[in-house]
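Please work through the exercises below with the sequence and the structure at hand, and try each task before reading its solution.

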Amino acid sequence: MLMIESQEIADALPHHKQKLVLVFSAMRHFAEELRGAGFTLDYRKTAGFAEGVREHLEATGATTLEVIDPTDWGVREVLEEAAGVSGAKLQVHENELWLTSEGEFNAWADGKKALRLEYFYRDMRKRFGWLMSEGKPVGGTWNYDADNRQTPEAGHLFPGMRRFPPDALTGEVIAEVAARWPGHFGSLEGFAWPVTREQALGALDDFLEHRLKMFGPFEDAMVEGEAVLYHSLLSIPLNLGLLHPLEVCERALAHAAVPEHDVPIHSIEGFLRQILGWREFIRHIYRRTMPALRDANGLEHTSPLPEAYWGAPTRMRCLSEAVRQLTETGHTHHIQRLMVLGNFALVAGVDPRELNDWFLTCYVDALDWVVTPNVMGMSQYADLGSFTSKPYAASGKYVDRMSDHCRGCAYDPKRTVGPGACPLNSLYWTFIDRHRHRFESNPRMAVIVRGWIKRDPAVRSDILAHGASVLDALRSGSL
Ligand SMILES: Cc1cc2nc3c(=O)[nH]c(=O)nc-3n(C[C@H](O)[C@H](O)[C@H](O)COP(=O)(O)OP(=O)(O)OC[C@H]3O[C@@H](n4cnc5c(N)ncnc54)[C@H](O)[C@@H]3O)c2cc1C
């Protein structure tokens with residue numbers, strides 16, 4: 001067995017320090033397990049994968065390098081070339097860390113005019129027979145999104161999450177990362193992510209026992225000081241391969257099937273939709289649209305990423321809270337990613353490629369296959385909707401409805417212009433105005449564009465002037 005810690009990857013971006021600890025610690029724990037199980041393991045720390053492969057092949061004289069198909073684009077070619085230099089062949093095995101194969105998705109997608117999650121997900125529900133009864137969805141409907149947009153009462157007690165304090169091996173990695181990459185993003189304090197298979201199973205149990213029941217209703221909510229709410233935090237062990245999506249879905253379905261657990265249909269359906277639906281769908285979209293997706297910039301946005309994303313002070317509470325949490329843990333939940341960090345960059349016209357690198361850098365669960373479609377496609381509409389029907393752009397009213405951030409914020413979500421007006425409001429209308437010619441032919445955006453154009457020209461010009469002053473304040477770091 002060969003495992004390679006590539007320094008090149010760690011150096012390529014100023015990755016969150018906890019992400020480096022997570023990946024290196026999980027690798028070293030896995031190496032110990034392999035050795036304990038009797039495997040002969042060659043564990044190398046090299047400048048890059050190519051050097052690691054070459055050195056291994058030279059040391060062992062092996063003529064074939066066997067790998068499972070890497071999900072990230074371009075890795076297979078790097079390995080092929082590295083093996084070739086030493087006169088070895090690359091043998092690629094199907095990647096079995098997924099619920100659906102390439103062939104299955106291609107058969108579903110080929111010939112379709114538009115690829116939409118909803119229809120893929122429904123067909124996968126039928127194929128797996130999950131939450132199905134006589135060919136129909138259990139509960140009579142496929143989608144419970146409307147039930148899953150609630151916000152908790154003030155003072156609601158959330159269960160929190162199980163933490164996995166560092167053992168000696170993780171402690172060594174923490175010291176190494178602190179010494180070697182001191183300038184990288186984020187804090188190392190309080191590292192508590194699962195790094196072994198046993199801990200990953202503990203994280204799954206913790207979610208099933210304490211959070212699955214309420215996963216649905218508050219799925220889109222944001223609460224000040226609450227990082228987890230009822231989310232699973234399972235992207236971390238899933239993306240590392242410490243959990244298989246099949247066991248996650250089967251365990252969740254089995255847990256929900258026990259009447260005493262009292263899991264409502266909208267919670268188990270909402271969770272299944274994420275793993276069987278979104279996670280698989282996103283991976284296939286990536287596979288089919290790379291490398292064009294990485295360079296897409298259909299809306300021609302070119303502004304630099306605001307310094308606030310790297311922790312510079314801002315009076316926008318939703319933004320500063322998300323960045324604070326990210327700095328401390330390397331994680332925020334989906335709605336903070338999509339509707340705060342992504343949305344603000346979108347309406348402020350930030351270059352999507354810079355934002356993509358930022359997401360890749362700052363999150364502990366970030367890998368190219370999952371970040372690039374979520375950022376370039378879902379969040380920034382840089383692909384002009386290859387798998388979404390409209391941009392996820394929203395004003396401050398959305399953040400006010402779904403969170404309690406606005407209460408403690410210097411800005412007022414009810415105001416669009418004038419002192420104290422929420423920057424998201426004028427930026428939202430600036431965004432709509434800038435792209436009105438494109439959006440008026442989009443059935444889901446046309447009403448918004450028509451409403452905007454019908455407004456009094458003086459009101460429109462006030463809003464656009466305020467939007468311009470917000471962008472000035474953003475550039476000068478005084479927002
Ligand atoms: C701009 C943006 C950036 C994102 N970056 C990442 C990333 O770096 N890594 C990552 O794993 N996910 C990413 N996502 C998807 C999603 O936000 C995270 O998977 C989720 O927040 C992880 O937290 P959780 O495990 O508590 O998720 P939960 O809310 O508990 O959801 C359960 C699981 O469903 C899967 N899932 C849900 N939504 C998606 C999605 N859109 N794409 C793929 N899988 C999904 C994840 O595996 C997740 O663990 C991103 C989404 C957006 C909009």
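**Exercise 1.** Find where Leu-131 is placed in the chain, and decide whether Leu-131 is buried, partly exposed or exposed.

*Solution.* In this predicted model, Leu-131 sits in the loop between α6 (117-128) and β5 (132-133). The next step is the backbone, where Leu-131 has a positive phi of about 55 degrees although it is not a glycine. For the last step, count the neighbours: 19 other C-beta atoms lie within 10 Å of Leu-131, and because a residue is called buried at 20 or more and exposed at 12 or fewer, Leu-131 is partly exposed.

**Exercise 2.** Carry out the analysis for Asp-262, starting from its place in the chain.

*Solution.* Asp-262 belongs to the loop between α10 (245-257) and α11, and its phi, near 55 degrees, is a positive value in a residue other than glycine. With 9 other C-beta atoms within 10 Å, Asp-262 is exposed.

**Exercise 3.** Which residues does the cis peptide bond join, and in which loop is Pro-291 found?

*Solution.* The cis bond joins Met-290 and Pro-291, with omega at about 0 degrees. Pro-291 is then located in the loop between α11 and α12 (292-295).

**Exercise 4.** Describe the shell around the ligand, going from the nearest residues to the helices and domains that supply it.

*Solution.* The ligand is surrounded by 27 residues, of which His-231, Ser-232, Ser-235, Gln-274 and His-334 come nearest. Sorted by class, the shell has 14 nonpolar, ten polar and three charged residues. Turning to the helices, at least two shell residues come from each of α9 (235-240), α11 (265-289), α14 (334-347) and α16 (368-379), and α16 gives the most, with six residues. At the level of domains, domain 2 (102-160 + 211-288) and domain 3 (295-475) each contribute at least three residues to the shell.

**Exercise 5.** Which residues have the most contacts inside the largest nonpolar core, and what does Tyr-428 contact?

*Solution.* The largest nonpolar core has 101 residues, and Leu-234, Val-347 and Tyr-428 have the most contacts inside it. Once neighbours within four places in sequence are left aside, Tyr-428 is in contact with Val-347, Ala-393, Ala-394 and Ser-395. A second, separate core consists of six residues, among them Val-53, Ala-82, Ala-83 and Ala-88.

**Exercise 6.** Why can the chain be called as compact as a globular protein of its length?

*Solution.* Begin with the secondary structure, which comes to 21 helices and six strands. The radius of gyration is 23 Å, close to the 23 Å that the globule rule gives for 479 residues, so the chain is as compact as a globular protein of that length.

Definitions and conventions. Residues numbered from 1 in each chain as written. Predicted model: local features only at pLDDT ≥ 70, side-chain atom pairs only at ≥ 80, totals over all residues. Core = buried A, V, L, I, M, F, W, Y, C linked by C-beta atoms within 7 Å. Contact = placed C-beta atoms within 7 Å. Helix = DSSP H or I, 4+ residues; strand = E, 2+ residues; numbered from the N terminus. Rg over C-alpha atoms; globule rule 2.2 N^0.38 Å. Near = placed C-beta within 6 Å. Nonpolar A, V, L, I, M, F, W, Y, C, P; charged D, E, K, R; others polar. Domains from an automatic or database assignment.
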